[in-house]
Amino acid sequence: MNLVATIAVAFWAMLPAYVPNNAAVLAGGGRPIDAGHTWGGRRVLGDGKTWRGTAVGILAGVALAVALNAIRPAAVDALGVPLPEFPIAAMLALPAGGMLGDILASFLKRRTGRERGAAFPVVDQLDFAVLALALTALAAPAWFAATFTLGVLLVVLVLTPILHVVTNVAAYWLNLKSEPY
Ligand code: CTP
Ligand code: MG
């Protein structure tokens, strides 16, 4: 695959892991997952991780994977790129892993004394991608190995922080998010 095709495959394969975070920002609110519990004097996760945001985020990612599968034949024809079809295990693991990574990052932020909304460079930009990849590797190992070749993985590691910065700055400008990261 050439570079453009590799970027297209990386973006396509990771979309169901990217979108849940943005959907959670739009849908967030209500009961926090940690129910207000603290650990070592600090919140376990904080008010920024809610059941509603997490559930809507995962559902949005699953729905997107279903939609991508539906338009895949047309997209492959139009682009001439071998875009992967999502098996059910990947449809669930990519969004769930993405949300889990974000939640894990909040856990680490609270343990390191960072308040809700504080920036955690590198972790903020890659948490969801790393956990989405890890969970997908466990849930759909053969599909993972066929889709995430070394070249695709490298593109994911470079593309993810760029997309994260761009979408979060955009969400901040649109007053959808209170911090630009
Ligand atoms: N959100 C949510 N549930 C999630 C993730 C996000 O409800 N699992 C919503 C919350 O309203 C949150 C907003 O999306 O405030 C922004 O998400 P994020 O930046 O990840 O959370 P922060 O509020 O910055 O909190 P933290 O410092 O814990 O990351
Ligand atoms: Mg934040």
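1. A good place to start is the C-terminal side: Asn175 sits in the segment that follows H6. This is a predicted model, and in it Asn175 takes a positive phi of about 60° although it is not a glycine. Asn175 counts as exposed because its relative accessibility is 68%, and the cut-off for exposed is over 50%.

2. Ala35 deserves a look as well. Here too the residue is not a glycine, yet phi is positive, at about 50°. You will find Ala35 in the loop between H1 and strand S1 (38–39). With a relative accessibility of 46%, Ala35 counts as partly exposed. As background for both points, most residues other than glycine have a negative phi.

3. Now to the interior. The largest nonpolar core is made up of 31 residues. Those with the most contacts inside this core are Met14, Leu83, Phe86, Leu94, Trp143, Phe148 and Val156. Two or more core residues come from each of helix H1 (3–27), helix H2 (51–79), helix H3 (88–111), helix H4 (123–139), helix H5 (141–147) and helix H6 (150–173). H1 provides the largest share, with 10 residues. In general, nonpolar side chains tend to be buried together in soluble globular proteins.

4. Which residues does Leu94 touch, leaving aside its neighbours within four places in sequence? Leu94 is in contact with Ala13, Met14, Pro16 and Ala17, and also with Phe86, Ala132, Thr136 and Trp143. If you would like one residue to centre your view of the core on, Leu94 is among those with the most contacts inside it.

How values were computed
Residues numbered from 1 in each chain as written. Chains lettered and ligands numbered in written order. Predicted model: local features only at pLDDT ≥ 70, side-chain atom pairs only at ≥ 80, totals over all residues. Heavy atoms only, no water. Core = buried A, V, L, I, M, F, W, Y, C linked by side-chain atoms within 4.5 Å. Buried < 20%, exposed > 50% of the residue type's maximum accessible area, 1.4 Å probe, protein only. Helix = DSSP H or I, 4+ residues; strand = E, 2+ residues; numbered from the N terminus. Contact = heavy atoms within 4.5 Å.
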